[in-house]
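Colleague: I'd like to go through this model with you and hear how each label was earned. Could you take me through your reasoning as we go?

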Amino acid sequence: MRILVTGRDGQVARSLAERAPSQHDVIFAQRPELDLADFDTIHRVIEAERPDLIFNVAAYTSVDKAESEPALAMAVNGTAPGVLARAAAEIGVGIVHLSTDYVFDGTLGRPYLETDPVSPINVYGETKLAGEQAVAASGARYAILRTAWVYSPFGRNFVKTILALAAQRDELTIVNDQWGCPTSAFDIADALFRIADRWAVDPQHGADAIYHLAGGGETNWAEFAREILAMSIAHGGKDAEVRGIPATDYPTPARRPSNSRLDSRRFAQLFGYVAPEWRASLAPMVRRLLA
C-alpha cells in the first residue's frame, strides 16, 4: 500500500518513518511541496503521488500560540484536513486524520468515549474539532484518531522538557490537577499502520468513524514527571524534586482541560490494537534519550 504522510519532522511522522513495515510504501510530504496553509499544494501533491491512503499527522500544535494566531491555526488544523479529505475522495482513497483530547472541555468524571459531547475550551481545540468535522463531511472514507499527551525522542514534548530541566534545576513545579494518558508516538504509529493493514484487506473495515487511542492507564503531569525522573536516575541521568501545584498557580494563555483521559476500547475492538500501559512505553523512550 502506498501511504502519503503529511509532514516529515513531527513526532508522529518521524515515528512512522521508523516503524514503517516493509509491505507499505510510505511517502512523506512537507513544506514547501506540501504546505497545509497553502491549499493549492495539497491538490498538487496528492494528484502527483496518487497514494492508496493518506495519514494526516501534521498540525499546528502550539497550543498557547494558537490563542494569538487563530486564523493560521484554523487554516492548518481546521480547513486543510477538509481539503485533504476532499482530494482523497476525488481519487477514491481513504484518509486517517489525527486529532486530540482537546476537543473536550475536561469536566467529565471518567475517561472520554468517542460519543461524548465535544466542547473545546481553547483555540487549538476549536481548530482541531473543525478539522474533524471537515474530514467527516468530505465524502472520503475516513478514520479520525484522537490521542493525547504525545511524547517521543523527536521534537518538543513533555518528556524531553523534564529531562532538560532536571539538568538545570534541583526543583520543578509541575501541575498536579490535570489528568491524562501519556502516549508514545511510536504506539500511535503502530495503530495507524494497523488501520492501513486492515484497510488493505477490507477498505470499509471500521471506516467513517472516530476512535480514541492513548496509552494505557492514567496519571497527572506531576506524577508523569516523577516517573520520568525515576527512570532517568535508573539510567544514570539527572534527578530533581517535583513539587505539585494546581493549574491556577501556573496560568497559560490557553486553558487546558483538567481531564484528558481517553477510553480506547473501541479502537481495540475494531482494529485489535491496544497501546501499552504508559510506563511500559515510557521506559525505552527515556533510556533512548539518555543513551
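Modeller: Happy to, and keep in mind that this is a predicted model. Let's start with Asp 208, which lies in the loop between helix 6 (185-201) and strand 10 (209-212).

Colleague: Why is Asp 208 called partly exposed?

Modeller: Its relative accessibility is 42%. Buried needs under 20% and exposed needs over 50%, so 42% falls in between and Asp 208 counts as partly exposed.

Colleague: And what is notable about phi of Asp 208?

Modeller: Phi is positive, about 60°, although Asp 208 is not a glycine. Arg 50 is another residue other than glycine with a positive phi, near 50°. You'll find Arg 50 in the loop between helix 2 and strand 3.

Colleague: Is Arg 50 buried, exposed or partly exposed, and what makes it so?

Modeller: With a relative accessible area of 43%, Arg 50 is partly exposed, because the exposed class starts over 50% and the buried class ends under 20%.

Colleague: Let's move to the loop between strand 2 (25-29) and helix 2 (39-49). Which peptide bond is cis?

Modeller: The one joining Arg 31 and Pro 32, with omega at about 5°. Pro 32 lies in that loop between strand 2 and helix 2, and Asp 35 is found there too.

Colleague: Why does Asp 35 count as partly exposed?

Modeller: Its relative accessible area is 23%. Buried would need a value under 20%, so at 23% Asp 35 is partly exposed.

Colleague: How do you know that the side chain of Asp 35 makes a polar contact with Ala 37?

Modeller: A polar atom of that side chain lies 2.9 Å from the backbone nitrogen of Ala 37. The cut-off is 3.5 Å, so the distance qualifies. Leaving out residues up to four places away in sequence, Asp 35 also touches Thr 41 and Ile 42.

Colleague: Now Ser 152. Where does it lie?

Modeller: In the loop between strand 6 (150-151) and helix 5 (158-166).

Colleague: What makes Ser 152 buried?

Modeller: Its relative accessibility is 0%. The limit for buried is under 20%, so Ser 152 clearly belongs in that class. Ser 15, in helix 1 (residues 11-19), is also at 0% and counts as buried.

Colleague: Which residues is Ser 152 in contact with, neighbours within four places in sequence aside?

Modeller: Gln 11, Ser 15, Asn 157, Lys 160, Ala 185 and Met 285. From the other end, the contacts of Ser 15 include Ser 152, Phe 154 and Ala 185. The side chain of Ser 152 also has a polar atom 3.0 Å from the backbone nitrogen of Phe 154.

Colleague: Why do you say that strand 4 (residues 94-100) is largely enclosed by the rest of the structure?

Modeller: Because seven of its seven residues are buried. Both faces are covered: Gly 94, Val 96, Leu 98 and Thr 100 on one side, Ile 95, His 97 and Ser 99 on the other.

Colleague: How do you know that strand 4 pairs with strand 3 (residues 53-56)?

Modeller: A pair of strands needs at least two bridges, and these have four, in the parallel sense, so they qualify. One of the bridges joins Leu 53 to Gly 94. From strand 3 the chain crosses through helix 3 (residues 70-91) to strand 4, and this β-α-β crossover is right-handed.

Colleague: How many bridges does strand 4 have with strand 5 (residues 142-147)?

Modeller: Six, again in the parallel sense, and Ala 143 is the bridge partner of Val 96. Strand 4, helix 4 (residues 123-136) and strand 5 make a right-handed β-α-β unit.

Colleague: On to the rings. How many aromatic pairs does the whole structure hold?

Modeller: The search finds 14. Among them is Phe 224 with Trp 278, at 5.4 Å centre to centre and 85° between the planes.

Colleague: Why is that pair called edge-to-face?

Modeller: Ring centres must lie within 6.5 Å, and planes over 60 degrees apart count as edge-to-face, so 5.4 Å and 85° meet both conditions. Phe 224 is in helix 7 (residues 221-234) and Trp 278 in helix 9 (residues 278-290), 54 residues apart. Both are buried.

Colleague: What makes you say that the charged end of Arg 141 sits over the ring of Trp 199?

Modeller: It is 4.7 Å from the ring centre, and the limit is 6 Å, with an added condition on the angle to the ring normal. Arg 266 sits likewise over the ring of Tyr 211, at 5.3 Å.

How values were computed
Residues numbered from 1 in each chain as written. Predicted model: local features only at pLDDT ≥ 70, side-chain atom pairs only at ≥ 80, totals over all residues. Heavy atoms only, no water. Helix = DSSP H or I, 4+ residues; strand = E, 2+ residues; numbered from the N terminus. Buried < 20%, exposed > 50% of the residue type's maximum accessible area, 1.4 Å probe, protein only. Polar contact = N/O pair within 3.5 Å; in protein donor to acceptor, adjacent residues only side chain to side chain. Contact = heavy atoms within 4.5 Å. Right-handed = clockwise from strand over helix to strand, strands pointing away. Phe/Tyr/Trp six-rings, centres within 6.5 Å; stacked < 30°, edge-to-face > 60°. Lys NZ or Arg CZ within 6 Å of the ring centre and 35° of its normal.
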